[in-house]
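User: Please go through this entry with me term by term. For each label, I should like to see the value and the criterion behind it.

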Amino acid sequence: MSGGRLRLHDASVRLDSMPVHGRALEVTPDATERAALAERLGVSSVDALAVRLHAVKFRGGIRVTGRLTATVTQPSVVTLEPMAQQISEPVDRIFLPGGEKDFAGPANAEIFVDLEGEDMPDHFEGNEADLTDLIVETLALAVDLYPRRPGESLDDLGLTPDVAEDHPFAALKALKKDED
């Protein structure tokens, strides 16, 4: 984690020393790394994180598959009480070498996007792919942005607004009555 960039230990794979059958990776960040992850994600804490991956050579790069499991604590958006969220997400990503290719064509060139096709591959430089960003992205996309306990609502707090007088057009309705 030098220079402000988060880098998880054991979260990289080398292409040049990859066995034919691939390589298994287990990434279990320590307390310091989990605290940095929590800060980056804007949650109270990342209490547990385990990532089991398998990397194999694929199209001149690597394909990484596996599963991320985590426990994240953050405040409920209703009561602000801390609550834990259990996360279990599949991982499937392709990494190709050389991300600095020029993909721009002439200004009038047509661009075809296959919306049903595979996701665009990620790129890495050299012989080593750092999977930290993949792990952080997978975790960030799985975290509930508005956590609340089942059945929890603002009604439980007695904060229901008076809809008849609080809506944005209440003042216009009052003016209309004067015209009639």
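User: What do the side chains of Glu137 and Arg93 meet in, and what N to O distance supports that term?

Analyst: This is a predicted model, in which local features need pLDDT of at least 70, side-chain atom pairs count only at pLDDT 80 or more, and totals for chains, interfaces and linings use all residues. Residues are numbered from 1 along each chain as its sequence is written, and side-chain values use heavy atoms, with hydrogens and water left out. The side chains of Glu137 and Arg93 meet in a salt bridge at 2.6 Å, N to O. The term requires a side-chain nitrogen of Lys or Arg within 4 Å of a carboxyl oxygen of Asp or Glu, and the 2.6 Å of this pair satisfies it. Glu137 lies in helix 2 and Arg93 in strand 5, 44 residues apart, so the pair links distant parts of the chain. Helices here are DSSP runs of H or I with at least four residues, strands are runs of E with at least two, and both are numbered from the N terminus.

User: Is Arg93 called buried or exposed, and why?

Analyst: Arg93 is called buried because its relative accessibility is 15%, and the term covers values under 20%, with exposed meaning over 50% and partly exposed lying in between (1.4 Å probe, protein chains only). Its partner Glu137, at 36%, falls in the intermediate class and is therefore partly exposed.

User: What makes Arg52 and Glu26 a salt bridge, and how far apart are the closest N and O atoms?

Analyst: The closest N and O atoms of Arg52 and Glu26 are 4.0 Å apart, which meets the criterion given above. Arg52 belongs to strand 3 and Glu26 to strand 2, with their positions 26 residues apart in the numbering, and the pair links distant parts of the chain. Glu26 counts as exposed because its relative accessibility is 52%.

User: How do you know that Asp92 and Arg63 form a salt bridge?

Analyst: Their side chains meet at 2.6 Å, N to O. Asp92 is in strand 5 and Arg63 in strand 4, 29 residues apart. Asp92 is partly exposed because its relative accessibility is 45%, and Arg63 is partly exposed with 31%. In total, the structure holds 5 salt bridges.

User: In what order do the strands of the open sheet run, and what is the pairing called?

Analyst: The order is 2-3-4-5-6, with 5 strands and mixed pairing. Strand 2 (23-27) and strand 6 (122-124) stand at the edges because each has a single partner strand, so one side of each has no neighbour in the sheet. The twist averages 25° from one strand to the next.

User: Why are strand 5 and strand 6 said to pair, and in what sense?

Analyst: Strand 5 (residues 82-97) and strand 6 share 3 bridges in the parallel sense. Pairing requires that DSSP finds at least two bridges between the strands, so the 3 bridges suffice. In one of these strands, strand 6, His123 is the bridge partner of Leu96. Helix 2 packs on the sheet, touching strand 2, strand 3 (45-58), strand 4 (61-75) and strand 5, and its direction makes about 140° with that of strand 5. For such angles, axes are lines fitted to C-alpha atoms, for helices over the stretch in contact, and the values run from 0 to 180 degrees between N-to-C directions.

User: With which residues is Thr138 in contact, leaving aside its neighbours within four places in sequence?

Analyst: Thr138 is in contact (heavy atoms within 4.5 Å) with Leu68, Glu89, Pro90 and Val91. Thr138 sits in helix 2 (residues 132-142), and its relative accessible area of 11% is why Thr138 is called buried.

User: What makes up the nonpolar surface patch of about 360 Å²?

Analyst: The patch is made by Val77, Leu145 and Tyr146. Patch members have over 30% relative accessible area and no salt bridge; nonpolar side chains (Val, Leu, Ile, Met, Phe, Trp, Tyr) are joined within 5 Å, like charges within 9 Å. Accessible areas come from the Shrake-Rupley method with a 1.4 Å probe, and for residues only the protein chains shown count as cover. Leu145 is exposed because its relative accessibility is 64%, and its place is in the loop between helix 2 and helix 3 (163-166).
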